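Colleague: I am new to this structure and would like a close look at a single part of it. Could you pick one charged residue inside the fold and walk me through what surrounds it?

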Amino acid sequence: MIANDPYAELERRFARLSAVQRASAILNWDRSTMMPDGASEDRADQLATLGVIAHGMISAPEMPDLLARAEEGAAGLDPWRAANLREMRRLWVHESALPADLVEARTRATSACEMAWRDAKKNADFKALLPTMGEVLTLVRRAGEAKAAALGTTLYDALLDEFEPGGRAARIDVLFAELKSFLPGLLGRVIEHQKRQPAPLTLDGPFPVEQQRKLGEELIRLIGFDFSHGRLDASAHPFTGGTADDVRITTRYDEADFARALMGVLHETGHGLYEAGLPRDWRRQPVGNARGMALHESQSLLMEMQACRSDAFIAFAAPRMRAAFGKDGPAWTVDNVHRLYTRVAPGFIRVDADEVTYPLHIMLRYRLERALLAGDLPLADLPGAWNEGMRELLGIVPPDDALGCLQDIHWPDGGWGYFPTYTLGALAAAQLFAAARRADRDLLHCIGQGDFAPLLGWLRTNVHGKGSLASTDQILTEATGAPLGTAAFKAHLESRYLAA
């Protein structure tokens, strides 16, 4: 029976849907961090069941009528409720395009493929992943085709829209073409510039995991991560999960190189702060969700790259690094640590890449996933295509698939259409950090004192607290004066990496 107030009924339904999705989020986090391997089939069943329940809630037969009636009275809604109704419609279009059996099959396939990926990566054996990843690709194509028909878009745009509402490949192509027009030349100039500087000294390890964990916790507490509403754990691939009130961030540790874990923690903290800062009054409604992954990635990259690789932060953090590991000597000076943390060099691993080469990693994945989805690249040929792309874009070839096409969890986990949002996020991060610095001329000084409150306050007001009230471009324009573009990112790279 449909309630007399259709909008109120929709809010009630979406609040219940949110609870199911939040439960799934915690189960997903547990699967990647603490769950014993032998529980994988049972966990896949749990997640698939919750996925079908959520699907049934949002695609119920009466939903079109509820939405239509609520939209008839939308003129009387305040801006937040009007935006919430818009987001409800968008989510309904996405979900109602899929039959329940496809939702269940895709969830089961991605759960199985993620577990298979762990072993395949460990053994550098892409062929072992082919059966399960082939099934994921088939199901992702089916879902993409169904959503494309409902949205009136291409298959790829329909998948991209899941992660970046309103995102389109045509826009990405323009931005990536702009990046490609200057990045290779800039990379060459930066490498030549580095040759004229003293080579950084290697930090002497090993670095025990417990000390790494304590250092990471110390720094992210200062940044603003609230451990009464979150936790830090280890996983095979760093990620942020959980809920806005229970943020779960992870990293992976290497006793020979603590920077990998530390920068991973700082990166994921940016994600976690965004989730924790979403509008509390709308936390159980679609409008209270993060706008999309371009802004989400902007928050992680802003924290990791813009703020925490700055001269100011490294001057603050270097003494704490020395103290954490009981180290001293010329390798541990602020200047040397800064050279290490801003060293530019082509490498195999995306998550360890510097700011200059990182977009090239994303361009490769964007090219390959479009070809795979279109059927232009057989899945079995992915390793060779990957290696050739690395040779073309970065001038290096991975020695094995673990350092090549098996390094990321996204495709096995069903995240097709996700990768471009990393570089969109890098562009947005540069715009937002530049705007924050214009708004507060003492911002870098505060960061150099370990005081992130001014930066976090600005982000809470201009990004986090907006939720999904407006589009990505609208949020960026209000905060920075311009929609998403490449100019601020280029200026940032030139300033940081080519200054005398």
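Modeller: Happy to! Let us start with glutamate 297, which is buried yet has no salt bridge. Its nearest side chain of opposite charge, arginine 350, is 6.7 Å away, whereas a salt bridge needs the nitrogen and the carboxyl oxygen to be within 4 Å. Please keep in mind that this is a predicted model.

Where does glutamate 297 sit? You will find it in helix H11, which covers residues 293-307. Setting aside residues up to four places away in sequence, glutamate 297 touches His267, His271, Tyr418, Thr421, Tyr422 and Gly425.

Now look along the same helix to an empty space. A search of the whole structure finds three cavities of 30 Å³ or more, and the largest of them has a volume of about 100 Å³. Its lining is made up of Leu301, Met305, Gln306, Glu355, Tyr358, Pro359, Ala426, Ala429 and Phe489. Two or more of these residues come from each of H11, helix H14 (358-374) and H16. H11 gives the most, with three residues. Sorted by class, the lining of the largest cavity has seven nonpolar residues, one polar and one charged.

The second largest cavity holds about 60 Å³ of space. Among the residues that line it are Trp117, Trp386 and Trp411, along with Arg365 and Asp408. Nine residues of this lining are nonpolar, none is polar and two are charged.

Helix H16 (420-439) also takes part in an open space, the second largest pocket, where it supplies at least two lining residues. This pocket contains about 770 Å³ of space. Of its 29 lining residues, Asp311, His338, Ser495, Arg496 and Tyr497 lie nearest the centre. Helix H20 (487-498) is another contributor, and the largest share of the lining, six residues, comes from H20. The pocket lining divides into 11 nonpolar, nine polar and nine charged residues.

For contrast with glutamate 297, it helps to see acidic residues that do have a partner. Side chains of opposite charge can pair when their charged atoms come close. The count for this model comes to 41 salt bridges. One of them joins aspartate 30 to arginine 43, with the closest N and O atoms 2.8 Å apart. Aspartate 30 lies in helix H1 and arginine 43 in helix H2 (residues 40-58), so this pair ties together parts that are 13 residues apart in sequence. Both aspartate 30 and arginine 43 are buried. Leaving aside neighbours within four places in sequence, aspartate 30 is in contact with Met35 as well as Arg43.

A second pair is aspartate 173 and arginine 370, whose closest N and O atoms are 3.1 Å apart. Because aspartate 173 is in helix H8 and arginine 370 in helix H14, the pair ties together parts that are 197 residues apart in sequence. Aspartate 173 counts as partly exposed, at 34% relative accessibility, and arginine 370 counts as partly exposed too, at 30%.

A third pair is arginine 320 and glutamate 218, which meet in a salt bridge at 3.7 Å, N to O. Here arginine 320 in helix H12 is linked to glutamate 218 in helix H9 (residues 209-223), 102 residues apart. Finally, salt bridges can also be followed through a network, which links Arg86, Glu87, Arg90, Asp161, Arg168 and Arg291.

Key: Residues are numbered from 1 along each chain as its sequence is written. This is a predicted model: local features need pLDDT of at least 70, side-chain atom pairs count only at pLDDT 80 or more; totals for chains, interfaces and linings use all residues. Side-chain values use heavy atoms; hydrogens and water are left out. Helices (H or I, at least four residues) and strands (E, at least two) are DSSP runs, numbered from the N terminus. Buried means under 20% relative accessible area, exposed over 50%, partly exposed in between (1.4 Å probe, protein chains only). Lys and Arg count as positive and Asp and Glu as negative; His and the chain ends are not counted. Contact means heavy atoms within 4.5 Å. On a 1 Å grid over the protein atoms alone, a cavity is a set of points where a 1.4 Å probe fits but cannot get out, and a pocket is an open set with protein on both sides within 12 Å along at least five of seven lines; lining residues have an atom within 4 Å of a point. Grid points are joined across faces, edges and corners, and a volume is the space filled by probe spheres set on the points. Ala, Val, Leu, Ile, Met, Phe, Trp, Tyr, Cys and Pro count as nonpolar, Asp, Glu, Lys and Arg as charged, and the others, Gly among them, as polar.
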